[in-house]
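Please read the following report alongside the sequence and the model. It asks how the helices are put together and what lies where they meet.

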Amino acid sequence: MESDVFVTVKKVKSGDERAFSELCEKYSALVSVSADKYCRMLPENSNATPEDFEQEAYLALYRAAVTYDTDQTDVTFGLYAKTCIRNALISLLRKFRRAPKTTEWWGFAVKSVFGPVFTRQIRTKTKALLKMLSGVLSDYEYKMLMLYADGKTPRRIAQETGQSAKSVSNALFRARTKLKELYEDQK
């Protein structure tokens, strides 16, 4: 069984998206249980959603597959993935605990606090960011990300677009991965 996982992990490392989908199916229970466990630790007034934790867990699973050393025999991939997922979710939990608690949309807060000059600068930078995103992401990933940015859950996006929830989650995962890579390249 573990040898099947090794083959799948090697395929993921080579960029095989189908292999990553197989890995997601195999480890979906681990991802769901882990995401639920850490999401429940949040204070009630947090802006985080269970989907945030699930997405982060899938991202950690992907990173685990890409960074796992298939030549070593001391640690199984399952244990390595579980550790990576746990560490990523703990980091996300800490981030949400530190984040300011607000239910306002940031555009509204910017207008009321900083005035029209700053708001124009934000709009200009936002337009540039959206243009850059449309160049980095596929049309489908961009569309799913924009719906997600509007506050819709992956399940709601799937209902509205007629796509499967898995397809939406995968598109959001790919978009987040590309954005994180882009961010790291900008440092």
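The report goes from the overall make-up of the chain to the helix pairs, the nonpolar cores and a few single residues.

**Overall make-up**

What is described here is a predicted model, not an experimental structure. The protein chain holds 10 helices and 0 strands, and from the N terminus on its elements accordingly read α-α-α-α-α-α-α-α-α-α. Of the 187 residues in the protein chain, 35% count as buried. When contacts between residues at least 6 apart in sequence are considered, 65% of them join residues that are at least 24 apart.

**Helix pairs**

The geometry of three helix pairs is set out in the table below.

| Pair | Angle between axes | Axis separation |
|---|---|---|
| α2 and α4 | about 120 degrees | 11 Å apart |
| α3 and α4 | roughly 135 degrees | within 8 Å |
| α8 and α9 | about 120 degrees | 10 Å apart |

Helix α2, which covers residues 17-26, packs on helix α4, residues 50-67, at an angle of about 120 degrees, and α2 is therefore oblique to α4. The crossing in which α2 passes α4 is right-handed. On the α2 side the contact is made by Phe-20, Leu-23 and Cys-24, and on the α4 side by Tyr-58, Leu-61, Tyr-62 and Ala-65. By residue class, this contact of α2 with α4 consists of 7 nonpolar residues, with no polar and no charged ones.

Helix α4 also meets α3, and the axes of these two helices cross at roughly 135 degrees. Because of that angle, α3 is oblique to α4, and the crossing of α3 and α4 is right-handed. From α3, the residues Ser-28, Val-31, Ser-32, Ala-35, Tyr-38 and Cys-39 take part, and they meet Pro-50, Phe-53, Glu-54, Ala-57, Tyr-58 and Leu-61 of α4. The contact of α3 with α4 is made up of 9 nonpolar, 2 polar and 1 charged residues. Tyr-58 and Leu-61 of α4 thus appear in the contact with α2 and also in the contact with α3.

Further along the chain, helix α8, residues 139-149, packs against α9 with the axes 10 Å apart. At the angle listed for this pair, α8 and α9 are oblique to each other, and their crossing is right-handed. Here Lys-143, Met-144, Leu-147 and Tyr-148 of α8 meet Pro-154, Ile-157 and Thr-161 of α9. The residues in the contact of α8 with α9 divide into 5 nonpolar, 1 polar and 1 charged.

**Nonpolar cores**

Which residues touch the most other members of the largest nonpolar core? In this core of 33 residues they are Leu-23, Phe-53, Leu-61 and Phe-77. At least two residues of the core are supplied by each of α1 (2-13), α2, α3 (28-39), α4 and α5 (77-98), and α5 gives the largest share, with 9 residues. Leaving aside residues up to four places away in sequence, Leu-23 touches Thr-8, Val-9, Val-12, Leu-61, Ala-65 and Phe-77. A second core, separate from the first, has 12 residues, including Leu-133, Leu-147, Val-168 and Leu-172. Leu-147 is thus a member of the second core and also one of the α8 residues in the contact with α9.

**Single residues**

Thr-70 is located in the loop between α4 and α5. Is this loop residue buried or exposed? Its relative accessibility is 19%, so Thr-70 counts as buried. Residues up to four places away in sequence not being counted, Thr-70 touches Phe-6, Val-9 and Lys-10. Val-9 is also among the residues touched by Leu-23.

Ser-14 lies in the loop between α1 and α2, and because its relative accessibility is 61%, Ser-14 counts as exposed. Although Ser-14 and Val-66 are 52 residues apart along the chain, their C-alpha atoms are separated by 8.7 Å.

Glu-160 belongs to helix α9, residues 154-161, and with a relative accessible area of 40% Glu-160 is partly exposed. From C-alpha to C-alpha, Glu-160 and Leu-147 are 9.8 Å apart in space, with their positions 13 residues apart in sequence numbering.

Key:
Residues are numbered from 1 along each chain as its sequence is written. This is a predicted model: local features need pLDDT of at least 70, side-chain atom pairs count only at pLDDT 80 or more; totals for chains, interfaces and linings use all residues. Side-chain values use heavy atoms; hydrogens and water are left out. Axes are lines fitted to C-alpha atoms, for helices over the stretch in contact, and angles run from 0 to 180 degrees between N-to-C directions. Helices (H or I, at least four residues) and strands (E, at least two) are DSSP runs, numbered from the N terminus. Angles under 35 degrees count as roughly parallel, over 145 as roughly antiparallel, 65 to 115 as roughly perpendicular and the rest as oblique. A crossing is left-handed if the near helix is turned anticlockwise from the far one by less than a right angle, and right-handed if clockwise. Contact means heavy atoms within 4.5 Å. Ala, Val, Leu, Ile, Met, Phe, Trp, Tyr, Cys and Pro count as nonpolar, Asp, Glu, Lys and Arg as charged, and the others, Gly among them, as polar. A nonpolar core is a set of buried Ala, Val, Leu, Ile, Met, Phe, Trp, Tyr and Cys residues joined through side-chain atoms within 4.5 Å. Buried means under 20% relative accessible area, exposed over 50%, partly exposed in between (1.4 Å probe, protein chains only).
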